[in-house]
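Open the model in your viewer and keep the sequence panel beside it. The tour goes from one selection to the next.

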Amino acid sequence: MIQVAVFGYGTVGSGVVEVIEKNKDMINKKAGDGLNIKYVLDLRDFPGDPVQEKLVKDVTIILDDPEVDIICETMGGINPAYDFTKRALLKGKSVCTSNKELVASHGPELLRLARENKCNYLFEASVGGGIPIIRPLNYSLTAEKIDGITGILNGTTNYILTKMDREGADFDDVLKEAQEKGYAEKNPEADVEGYDACRKIAILSSLMCLKNVKYEDIYTEGITKITAADFLYAKEMDMTVKLLAMSKNVGNEYFAMVAPFLISKEHPLYSVNDVFNAVFVHGNMLGDSMYYGRGAGKLPTASAVVSDVIDCARHIGKTVMCLWEDEDVKLADIGQVSRRFFVRVDQSKADEEKAKEIFGQAVIVRIDALSGEFGLITEPMTEKAFGEKAEQLGAVIGRIRIED
């Protein structure tokens with residue numbers, strides 16, 4: 001019998017207990033041994049819940065118990081999760097986590113500690129909830145040189161953008177509805193400003209280049225400036241707006257960013273709607289592959305944590321290979337990246353002729369319902385060049401990058 005402990009009995013932690021109990025026979029068969037949840041760590045009490053009998057409030061009880069082989073860290077945040085995880089790994093106990101913030105901040109160090117102590121630090125649930133993506137990058141695609149990852153990695157923003165697209169609603173109204181339905185937090189900043197997606201693409205980028213990509217170095221832009229008018233233009237162009245997190249290898253350089261993009265109906269991520277997430281991966285031999293599913297939620301995320309628990313149970317005393325070195329990657333300046341842009345122009349400050357004179361071969365887009373402005377699609381140019389031209393025009397209402 002393999003003894004398991006759960007750190008944190010919140011949404012995901014309670015889901016882990018539920019998944020293990022509900023699918024016990026199948027899980028034990030796949031693990032090659034019986035799994036038993038011996039402890040649950042939480043400062044709260046849960047009267048009437050069977051977990052109350054396993055509840056402890058002192059982490060040392062778990063860390064000092066030689067019977068506990070695997071810990072599910074579902075607390076979230078950096079502290080005290082970092083301290084507890086580090087102490088567990090030093091004692092040779094494997095840790096499975098859904099904590100993207102901790103993985104993005106301390107992944108290489110915790111992986112190194114796991115190797116040194118012949119245990120594992122696994123984090124399938126930290127990116128994309130229930131979507132398998134970490135394991136495919138570490139196992140299924142090991143023969144590939146991954147040179148591009150683009151994903152819709154946040155269900156809250158995707159839900160908001162989908163509603164704005166379908167209903168022509170404004171951002172603030174849809175955000176309020178998302179909060180009422182529980183899809184958005186009371187303080188939605190981490191989601192709507194792109195910080196959540198940034199940490200996730202930092203993890204995937206690190207696995208792509210096998211070195212450490214610091215999330216602090218990734219250019220990040222949220223969706224708070226996207227308007228109903230932007231979607232009117234998008235529909236006219238047979239496009240939609242998605243918050244994309246991307247990482248690409250071009251020559252000897254890597255660049256990564258999170259920002260809203262216009263994508264056409266031909267793009268694989270166009271049909272990823274509502275709270276669903278998807279990750280689009282390009283390998284130099286395989287070409288394109290895509291991984292799609294529920295990117296968050298109690299049971300999808302818990303299922304991913306338990307899949308890591310099973311992996312740990314199969315490898316007691318052995319470390320599962322995960323290449324993610326401590327060396328930091330110097331990301332390329334996104335100012336040098338070339339792409340097309342969609343621009344909304346205030347017609348009282350600049351006309352079509354002036355816009356074309358500055359931007360060159362631009363395609364003009366007009367919407368009858370929007371007076372006093374017009375849109376244009378630029379030819380490919382660097383971010384730096386675009387910024388200079390936009391300043392020269394002096395009439396830009398807004399801009400969205402285009403992902404071709």
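What follows is a short walk through a predicted model, with a few residues to select at each stop.

**Stop 1: the main core**

Select Tyr 121, Phe 123, Ile 160 and Leu 204. Within the largest nonpolar core, which has 88 residues, these four have the most contacts. Helix H10 supplies the largest share of that core, 9 residues.

Now keep Leu 204 and show what surrounds it. Which residues is Leu 204 in contact with, leaving aside its neighbours within four places in sequence? They are Val 127, Ile 133, Ile 134, Leu 137, Ile 149, Leu 153 and Val 279.

Another core, of 31 residues, lies apart from the 88-residue one. To find it, select Val 4, Tyr 9, Ala 302 and Ala 304, which are among its members.

**Stop 2: a nonpolar patch on the surface**

Go to the end of helix H10 (195–209) and step into the loop that leads to strand S8 (219–220); Leu 210 is in this loop. Is Leu 210 buried or partly exposed? Its relative accessibility is 37%, so Leu 210 counts as partly exposed. Add Met 321 and Leu 323 to the selection: together with Leu 210 they make a nonpolar surface patch of about 290 Å².

**Stop 3: Asp 147**

Select strand S7, residues 146–152, and pick out Asp 147 in it. Asp 147 has a relative accessible area of 22% and is therefore partly exposed, since buried means under 20%.

Next, pick the C-alpha atoms of Asp 147 and Ser 205. The two residues are 58 apart along the chain, and these atoms are separated by 9.7 Å. Then show the residues that Asp 147 touches, not counting those up to four places away in sequence: Met 208, Ser 247, Lys 248, Asn 249, His 282, Gly 283 and Asn 284.

**Stop 4: the two sides of helix H13**

Select helix H13, residues 352–359, and colour Ala 355, Ile 358 and Phe 359, which are buried. Why do these three lie on the same side of H13? Because they cover an arc of only 85 degrees around the axis. An α-helix has 3.6 residues a turn, so residues three or four places apart point the same way.

Give Glu 353 and Glu 357 another colour; both are exposed, on the other side of H13. Then show strand S15 (373–377), strand S16 (381–382) and helix H14 (383–393), against which the buried residues of H13 pack.

Finish with Gly 360, which follows H13 and has a positive phi, near 80 degrees.

Definitions and conventions: Residues are numbered from 1 along each chain as its sequence is written. This is a predicted model: local features need pLDDT of at least 70, side-chain atom pairs count only at pLDDT 80 or more; totals for chains, interfaces and linings use all residues. Side-chain values use heavy atoms; hydrogens and water are left out. Patches are made of residues with over 30% relative accessible area and no salt bridge: like charges are joined within 9 Å, nonpolar side chains (Val, Leu, Ile, Met, Phe, Trp, Tyr) within 5 Å. Accessible areas come from the Shrake-Rupley method with a 1.4 Å probe; for residues, only the protein chains shown count as cover. A salt bridge is a side-chain nitrogen of Lys or Arg within 4 Å of a carboxyl oxygen of Asp or Glu. Helices (H or I, at least four residues) and strands (E, at least two) are DSSP runs, numbered from the N terminus. Buried means under 20% relative accessible area, exposed over 50%, partly exposed in between (1.4 Å probe, protein chains only). A nonpolar core is a set of buried Ala, Val, Leu, Ile, Met, Phe, Trp, Tyr and Cys residues joined through side-chain atoms within 4.5 Å. Contact means heavy atoms within 4.5 Å. The arc is that of the directions from the helix axis to the C-beta atoms.
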